[in-house]
Amino acid sequence: MSFAGKIDPLAPGIVECSFVIPFLNECESLEILYGEVVDECETLGRSFELIFVDDGSTDGGEDIVRRLAAKDARVSLVRFRRNFGKSAALSAGFREAVGDIVFTMDADLQDNPSEIGNFLKAIDEGQDCVTGWKQVRNDPLDKTLPSKLFNGAVNKAFGLQINDHNCGFKAYRREILAELEMYGELHRFVPALLHARGYKVGQIPVQHRARRFGVSKFGAKRLIKGALDLLTVWLTTRYAARPLHLFGGGGLALSALGFAILGYLSVLWVIGLGPIGNRPLLMLGMLLVLFGGQMVSVGLVAEIVLRRSITEGDKYSVAERSGAIVERELNERVAQEIAAQL
């Protein structure tokens with residue numbers, strides 16, 4: 001899950017808060033959201049920037065952001081050539097963010113910027129990532145029911161107690177983004193991904209406002225995609241560095257069951273309890289042995305591939321570095337900068 005080369009976790013934040021806001025055909029809400037975030041941050045006395053990521057809009061929303069950026073240097077625009085999805089938009093925004101705390105918000109005005117102070121308080125209390133919990137949702141049943149099923153499945157798989165994994169309103173310490181890889185639909189699993197890396201993940205109740213413009217771009221069909229993505233995340237977080245434990249363990253179990261079945265049939269044949277060649281149980285035993293052996297083979301091949309491709313960042317997550325190693329690294333950086341200037 002290494003993010004090396006994209007985000008330097010050691011670089012100091014230039015501003016206190018960065019807001020990454022993906023949008024897709026939501027031109028009516030962009031200027032309103034900008035004004036609400038600005039008012040709230042100025043009330044809190046926090047320096048900030050807003051990074052709007054255009055995920056392939058066709059309604060002219062990018063022109064609105066350009067006008068905002070022309071009058072306010074704290075506004076930036078990242079525009080995709082086409083629609084690449086929310087995970088890609090968040091990843092692009094994270095790459096540009098320079099704030100100590102990075103927020104993500106949806107552009108549909110359902111997230112209320114008045115909650116920003118509560119997120120900052122939770123971060124100050126020691127959380128690495130804070131996700132919003134929409135206790136009262138202003139969404140139709142075809143969104144709320146799949147969401148409940150999804151949240152329950154993710155909590156069960158990862159041992160979490162998060163009520164709303166898919167809430168777009170989140171806050172992160174900037175340094176943890178160096179270990180957060182975003183692609184496909186993985187934005188739905190951010191709390192689980194960070195929890196698997198050992199970070200402190202919390203939640204706070206947030207107000208969920210009714211939609212004022214447009215229509216939702218998600219529906220019940222995302223339940224199928226979510227189930228497939230859940231399997232991907234579960235496998236990559238638990239077994240990415242030890243694939244043989246998954247494939248080998250399952251393969252040995254199946255093979256053992258197959259051998260037990262074949263042994264039972266062999267005993268029947270030896271003691272003369274009829275022919276066994278026409279029994280379906282014989283075919284099942286043989287298939288279990290063969291399939292189990294194939295799974296062990298796949299695990300071994302995966303281990304060989306992993307041995308040549310795994311990086312240090314895939315093995316562990318460092319919480320703190322101090323002492324001589326940090327001073328030595330600082331001296332090396334200074335020496336490199338001096339050498340580059342010569």
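Colleague: What makes β1 and β2 count as paired strands?

Modeller: In this predicted model, β1 (residues 15-23) and β2 (residues 48-54) run parallel and are joined by 7 bridges. Pairing takes at least two bridges, so they qualify. Ile21 stands opposite Phe52 in β2, if you want a spot to look at.

Colleague: Why is one side of β3 and of β7 left without a neighbour in the sheet?

Modeller: The sheet is open, with 7 strands ordered β3-β2-β1-β4-β6-β5-β7 and mixed pairing. β3 (75-79) and β7 (201-206) are at its edges with a single partner strand each, so one side of each has no neighbour there. From one strand to the next, the twist averages 20 degrees.

Colleague: And what packs on the sheet?

Modeller: Helix α2 (residues 61-71) does, touching β1, β2 and β3. Helix α3 (residues 86-96) packs on the sheet too, and touches β1, β2, β3, β4 (99-104) and β6 (170-173).

Colleague: How do you know which word fits the direction of α3 against β1?

Modeller: The angle is about 155 degrees. Anything over 145 counts as roughly antiparallel, so that's the word.

Colleague: Why are α1 and α4 called oblique to each other?

Modeller: Their axes come within 10 Å and cross at roughly 50 degrees. Roughly parallel needs an angle under 35 degrees and roughly perpendicular needs 65 to 115, so α1 and α4 end up oblique.

Colleague: Which residues meet there?

Modeller: Glu40, Cys41 and Leu44 from α1 meet Ile116, Gly117 and Leu120 from α4. The contact divides into 4 nonpolar, 1 polar and 1 charged.

Conventions: Residues numbered from 1 in each chain as written. Predicted model: local features only at pLDDT ≥ 70, side-chain atom pairs only at ≥ 80, totals over all residues. Heavy atoms only, no water. Axes fitted to C-alpha atoms, helices over the stretch in contact; angles between N-to-C directions. Helix = DSSP H or I, 4+ residues; strand = E, 2+ residues; numbered from the N terminus. Contact = heavy atoms within 4.5 Å. Nonpolar A, V, L, I, M, F, W, Y, C, P; charged D, E, K, R; others polar.
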